[in-house]
Amino acid sequence: MSEIVWTIAGSDSGGGAGIQADLQAMRSFGVHGCSVITALTAQNSLGVEALNPVDLAVIESQLQALTHDLRPQAIKIGMLANVQQIQLVAEHLQYYRDNWETPPQVVYDPVAIASSGDSLIEEDAQSEIADAIKTHLLPLVDVITPNVHETQMLTGVYLIGPDALRDAAQRLQQWGAKSVIIKGGHWDYPQGYCVDFCRHGEQEYWLGNESVATPHTHGTGCTLSSVLASCLAKGYPLKDAFILGKAYINAGLKAAKRYGEGVGPVAHTQFPVNLADFPQVIEPGSWLGDALDFDCDSDFNYAAGFAPCPERLGLYAVVDSLDWLALCLQNGIKTVQLRIKDADADNLEQDILRAIELGKTHQAQVFINDHWQLALKHGAYGVHLGQEDLHSANLKEIQDAGMRLGLSTHGFYEMLLAHNYRPSYMAFGAIYPTTTKDMSGQIQGLEKLRHFVPLMQPHYPCVAIGGIDLMRMAEVVETGVGSVAVVRAITEAADPQAAIAELQQAIAGESE
Ligand SMILES: Cc1ncc(COP(=O)(O)OP(=O)(O)O)c(N)n1
Ligand SMILES: Cc1ncsc1CCOP(=O)(O)O
Ligand SMILES: [Mg+2]
């Protein structure tokens, strides 16, 4: 545990929301949570009996103590009971931004109404509070996570459909929030589903799943924003944090129990491990995409379910020439990819044709990178595509031809997006830094690979790629991944044949 996350929020005497939920969620994601308490709410499962805002001087002293030591990578802000508290917290955030070398990422959950329906802000000052949030806080916020009611309160936009969510999110961005996640828990659109929307800069992400049938939803908003802050502190991209937050909430709702006579708390479980808890990435052309009226390009070629390939692909050589491909096959590698990045290469079609033939001669799985039309034309065993190819390649034709489809993924969001297509295998990368390709900002590391493999390997062969060599093979294989793809470990080896033999041994677990 090396990352620190602060929660600046209210205490919930009932133990289901506020600081009490935040610290539990942070613990589940392996970060150290610190707290700055803004109010001592008196509440139970039936409702809020008193707000009891904490004096500004007491909030200030907590912030000072944490500023002197325990500086955070991320801050989650929850209940701020009045305009003065908003101003004080904003002043601090501005100070961190101006004076700290690495200012923390700020996630703001603008808690206004508890799940019981009771107000969590001083009611007679609602419009002043909304103004103070917009003027002072939003310019300093990285991610704001309002629910439907809070979105309407802040923007005045009535959320009748997806375009209204887009509009409201853009307004919040215009007031300064870099990213907006609108939680659809109360939206029920389409009926029976929980759809959440994220606008990150200009990008849009929609996640959905069937609503979990439980009345015990207290603390879901606090929990989601705490998971987001924890994941951002760990360096995850927002879209991956969004996925994990939703999966954690779904698991918590399924495990939620009744305490008291009213609305029980969402349960706190662990880093999500069950695929069934993960949301669906909603794409145009999918059932949920249609239900939400997403524009769908006429040439969108959605296809799901591709021909299978062996469950464990073993050592997977990725090479850029026919000579290398032949050498790998001659030395017993059964999975090889021809990755020629120059689309105008003189002999491109000839090389692809020959690679396909060589694969057949050696009874090996030869995948063609990028050039899916030529792969189709010449009957390749399979193609390997990146996520950016998904909307341009003719997936239906690839599927109909019985050709295998391998897909690249970089993180949890892309993993779930790839899952929509039920590919033949899924690749995760880059596990380590590599000089073969610019993967800056996309290094996954072993910790994430340890999460990807148990989630996806029951459904697809999984491949680890990026910066893997003989030295690192043992720790990669230890994750359980059934295939390891390498470029330089073979092509830059002093003795490539010997390197292939050693890599094969290591992947089979036979090395010392
Ligand atoms: C096995 C395997 N995994 C990932 C990749 C990367 O593919 P892609 O994202 O299409 O990027 P380019 O290779 O085209 O640069 C791969 N080639 N093979
Ligand atoms: C093509 C690709 N995709 C993700 S990492 C990578 C390159 C892997 O090369 P190396 O094994 O030399 O690090
Ligand atoms: Mg590619």
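Hi everyone, let me start with ligand 2: the residues of its shell divide into eight nonpolar, five polar and two charged. Before I go on, please keep in mind that this is a predicted model. In total, 15 residues surround ligand 2, and the closest are Thr434, Thr436, Gly466, Val487 and Arg488.

Now over to ligand 1. Here 17 residues lie around the ligand, and those that come nearest are Gly386, Ser408, Ala427, Ile465 and Ala485. By class, this shell has seven nonpolar, seven polar and three charged residues. Which strands supply at least two residues each to the shell around ligand 1? They are β11 (314–319), β14 (382–385), β15 (404–409) and β17 (462–465).

Let's stay with β11 for a moment, since that strand turns up again next to a helix. The helix is α10, residues 322–330, and its buried residues are Leu325, Cys328 and Leu329. Why do these three sit on the same side of α10? They cover an arc of only 95° around the axis, so they share one side of the helix. The general background is that an α-helix has 3.6 residues a turn, so residues three or four places apart point the same way. On the other side of α10 you will find Asp323 and Gln330, both exposed.

And what covers the buried residues of α10? The cover includes β11, along with β12 (335–338), α11 (348–361), α17 (488–491) and α18 (496–507). Just a small backbone detail before we leave this helix: α10 is followed by Gly332, which has a positive phi, near 90°.

Next, the annotation. An unreviewed UniProt entry places the feature "binding site" at Gln337, Leu338, Arg339, Ile340, Lys341, Asn369, Ser408 and Lys437. You have already met one of them, Ser408, among the residues that come nearest to ligand 1.

I'd like to show you two others from that record. Ile340 is in the loop between β12 and α11, two elements that also help cover the buried residues of α10. Is Ile340 buried or partly exposed? Ile340 counts as partly exposed because 19 other C-beta atoms lie within 10 Å, whereas a buried residue needs 20 or more. Leaving aside neighbours within four places in sequence, Ile340 is in contact with Asp320, Ala345, Leu348 and Asp351.

The other one is Lys437, found in the loop between β16 (425–428) and α15 (445–456). Lys437 is partly exposed too, with 15 other C-beta atoms within 10 Å.

That's my tour, thanks for listening!

Notes: Residues numbered from 1 in each chain as written. Chains lettered and ligands numbered in written order. Predicted model: local features only at pLDDT ≥ 70, side-chain atom pairs only at ≥ 80, totals over all residues. Near = placed C-beta within 6 Å. Nonpolar A, V, L, I, M, F, W, Y, C, P; charged D, E, K, R; others polar. Helix = DSSP H or I, 4+ residues; strand = E, 2+ residues; numbered from the N terminus. Buried ≥ 20, exposed ≤ 12 C-beta atoms within 10 Å, placed from the backbone. Arc of directions from axis to C-beta. Contact = placed C-beta atoms within 7 Å. UniProt positions renumbered as here; feature names shortened; annotations may be inferred.
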